[in-house]
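User: Hi! Could you walk me through this structure and explain the terms as we go?

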Amino acid sequence: SKSTFVWLSIISEKSFSLNKEINETYAAIPKGIKASISDILYDLSYTEMVLSLSRLYDNTSKKYPTRCLKQLYSYVKSENYNIDISEFREDALFQLPSFGFNASFIEMFKDSSTTEFNKRTVLYFESLEMNEPLCSYINKLKEIRDKFLAHNEDIQIDTLLPYDNIEHLIKHAQDVIAFFAITYCGVHLKSSEGFYLSDSAKKWQRTYNRFINDEEWRKTI
């Protein structure tokens with residue numbers, strides 16, 4: 001369901017914002033309980049960030065259906081791209097700039113038949129994932145998930161995921177989810193200002209800040 005995809009994107013953004021905040025403030029935290037708890041939260045948020053994003057960028061499976069972006073594409077393909085979008089088509093066209101489509105693409109979509117519209121938009125998102133820079137970001141994400149977190153292989157791999165890469169992956173996933181939500185369900189999840197639920201994703205970051213800067217709590221350690 002669309003709520004599952006939204007949940008995964010929010011969890012990945014929450015984990016990302018918390019992990020980044022800890023990384024940026026850690027040097028100023030005196031050694032003690034807060035530093036120790038920060039270590040734990042850093043590791044947990046890193047793991048959740050990688051796992052939740054990996055689920056979104058997973059591959060489809062006939063045996064075990066996965067909750068991934070490719071599953072959305074697969075559904076449209078299974079219907080031979082012939083899904084009625086007449087009810088929400090104008091809303092979707094209006095929102096296309098928010099999903100990263102440029103002006104020339106949008107003009108082409110305006111004159112597309114329903115089948116052409118569905119096919120071209122799916123191919124557009126797929127092509128972004130198959131080409132740089134997203135392709136490299138996705139491969140690195142899955143390598144860390146498969147080799148380091150999921151299977152615990154005794155090998156040395158670089159587990160660094162630059163934050164700008166993670167931001168790019170989150171934004172693309174949210175673009176896809178928001179596009180499918182408005183086009184096929186009439187649900188608005190994004191505007192030119194960004195993903196509507198992103199502010200709630202900063203809750204963990206704000207809570208951590210209060211924890212670190214709470215002077216009353218500081219007196220007890």
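Analyst: Happy to. Helices (H or I, at least four residues) and strands (E, at least two) are DSSP runs, numbered from the N terminus. By that count the protein chain has eleven helices and two strands, in the order α-α-α-α-α-α-α-α-β-β-α-α-α. This is a predicted model, in which local features need pLDDT of at least 70 and side-chain atom pairs count only at pLDDT 80 or more, while totals for chains, interfaces and linings use all residues. Residues are numbered from 1 along each chain as its sequence is written, and side-chain values use heavy atoms, with hydrogens and water left out.

User: Why are α2 and α8 called oblique to each other?

Analyst: Helix α2 (residues 33-56) and helix α8 (residues 163-185) pack at about 40 degrees, with their axes 11 Å apart. Axes are lines fitted to C-alpha atoms, for helices over the stretch in contact, and angles run from 0 to 180 degrees between N-to-C directions. Angles under 35 degrees count as roughly parallel, over 145 as roughly antiparallel, 65 to 115 as roughly perpendicular and the rest as oblique. The α2 and α8 pair is therefore oblique.

User: What makes the contact of α2 with α8 nonpolar?

Analyst: Contact means heavy atoms within 4.5 Å. Tyr42, Met49, Leu53 and Leu56 of α2 meet Tyr163, Ile166, Leu169, Ile170, Ala173 and Ile177 of α8. Ala, Val, Leu, Ile, Met, Phe, Trp, Tyr, Cys and Pro count as nonpolar, Asp, Glu, Lys and Arg as charged, and the others, Gly among them, as polar. The contact of α2 with α8 thus has ten nonpolar, no polar and no charged residues.

User: Why are α2 and α7 also described as oblique?

Analyst: The axes of α2 and helix α7 (residues 134-150) cross at roughly 120 degrees and come within 9 Å. On the angle classes above, α2 and α7 are therefore oblique to each other. Their contact is made by Tyr46, Thr47, Val50, Leu51, Leu53 and Ser54 of α2 with Leu141, Ile144, Arg145, Phe148 and Leu149 of α7. That contact divides into eight nonpolar, two polar and one charged.

User: Which classes of residue line the largest pocket?

Analyst: The lining has three nonpolar, five polar and nine charged residues. Of its 17 residues, Glu13, Phe16, Glu167, Ser198 and Lys202 lie nearest the centre of the largest pocket. The largest share of the lining, six residues, comes from α1.

Note on methods: 1 Å grid on protein atoms, 1.4 Å probe; cavity = no way out; pocket = protein on both sides within 12 Å on 5 of 7 lines; lining within 4 Å.
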